[in-house]
Amino acid sequence: MPMNCSDFFLFIWVFVVVLSLTTKDEDGMDEYDRYWGIADEGKTRNSLGYIYKDDEFDLWSNLFDHNPYY
């Protein structure tokens, strides 16, 4: 069943609302990261959601990352 034009706009609207509800700090971490303890000292997130520790790619944090907003 093809998607109607109104369904498409509803999907885009919901997508934009969900993204606008997330609050990120200066390191790119959001409330979800702080709740699960991912936002430790020295860890940052880039715009694609990859986690870096002391400006180096953090393999283990990225393997076990389960943040649904990234």
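These are my notebook entries on charged residues, salt bridges and surface patches in a predicted model.

**Entry 1. Salt bridges, overall count**

I began with the ion pairs. The structure holds five salt bridges. I then looked up several of the participants individually.

**Entry 2. Asp33 and Arg45**

I looked up the position of Asp33 and found it in helix 2, which spans residues 31-36. Is Asp33 buried or exposed? Its relative accessible area is 0%, so I recorded Asp33 as buried, the limit for that class being under 20%.

Which residue pairs with Asp33 in a salt bridge? The partner is Arg45, and the closest N and O atoms are 2.9 Å apart. This pair joins distant parts of the chain, since Asp33 belongs to helix 2 and Arg45 to strand 1, twelve residues apart. I checked the accessibility of the partner as well: Arg45 has a relative accessible area of 6% and is therefore buried.

I next listed the contacts of Asp33, setting aside residues up to four places away in sequence. Asp33 touches Gly28, Ile38, Ala39, Arg45, Asn67 and Tyr70. The salt-bridge partner Arg45 thus appears in the contact list too. For a distance check I took Val14: Asp33 and Val14 are 19 residues apart in sequence, and their C-alpha atoms are 22 Å apart in space.

**Entry 3. Asp58 and Lys43**

I looked up a further pair. Asp58 and Lys43 form a salt bridge in which the closest N and O atoms are 3.8 Å apart. Why does this pair tie together separate parts of the sequence? Asp58 lies in the loop between strand 3 and helix 3 (59-63), whereas Lys43 lies in strand 1, so the bridge connects parts that are 15 residues apart in sequence. I noted that Asp58 and Lys43 are both buried.

**Entry 4. Asp25, Glu31 and Arg34**

I then turned to a network. Asp25, Glu31 and Arg34 are linked by salt bridges. Within this network, I looked up the pair Asp25 and Arg34, for which the closest N and O atoms are 3.5 Å apart. Asp25 is partly exposed, because its relative accessible area is 27% and this class lies between 20% and 50%. Arg34, at 38% relative accessibility, is likewise partly exposed.

**Entry 5. Negative surface patch**

Which residues form the negative surface patch? I recorded Glu26, Asp27, Asp40, Glu41, Asp54, Asp55 and Glu56. I followed three of the members, Asp40, Asp54 and Asp55, further.

Asp40 is located in the loop between helix 2 and strand 1 (43-45). With a relative accessible area of 42%, Asp40 is partly exposed.

Asp54 sits in the loop between strand 2 (51-53) and strand 3 (56-57). Its relative accessibility is 56%, so Asp54 counts as exposed. Asp55 occupies the loop between strand 2 and strand 3. Its relative accessible area is 72%, and Asp55 is therefore also exposed.

**Entry 6. Backbone at Asp54 and Asp55**

I checked the backbone angles of these two loop residues. What is the phi of Asp54? It is near 55°, a positive value in a residue that is not glycine. Asp55 also has a positive phi, of about 65°, and is not a glycine either. I set against this the general tendency that most residues other than glycine have a negative phi.

**Entry 7. Lys53**

I looked up Lys53, which lies in strand 2. At 41% relative accessibility, Lys53 is classed as partly exposed. Beyond its neighbours within four places in sequence, Lys53 is in contact with Gly42, Lys43 and Asp58. Two of these contacts, Lys43 and Asp58, are the salt-bridge partners of Entry 3. I also took the separation from Asp40: Lys53 and Asp40 are 13 residues apart in sequence and 8.9 Å apart in space, C-alpha to C-alpha.

**Entry 8. Nonpolar surface patch**

Finally I looked up a nonpolar surface patch. Its area is about 810 Å², and its members are Met3, Phe8, Phe9, Phe11, Ile12, Phe15, Val16 and Leu19. I placed one of them, Ile12, in helix 1 (residues 5-21). Ile12 has a relative accessible area of 34%, so I noted this residue as partly exposed.

Notes
Residues numbered from 1 in each chain as written. Predicted model: local features only at pLDDT ≥ 70, side-chain atom pairs only at ≥ 80, totals over all residues. Heavy atoms only, no water. Helix = DSSP H or I, 4+ residues; strand = E, 2+ residues; numbered from the N terminus. Buried < 20%, exposed > 50% of the residue type's maximum accessible area, 1.4 Å probe, protein only. Contact = heavy atoms within 4.5 Å. Patch = residues over 30% accessible without salt bridge, like charges linked within 9 Å, V, L, I, M, F, W, Y side chains within 5 Å. Areas by Shrake-Rupley, 256 points an atom, 1.4 Å probe, with all protein chains shown as cover. Salt bridge = Lys/Arg side-chain N within 4 Å of Asp/Glu carboxyl O. Lys, Arg positive; Asp, Glu negative; His and termini not counted. Charge placed at Lys NZ, Arg CZ, Asp CG, Glu CD.
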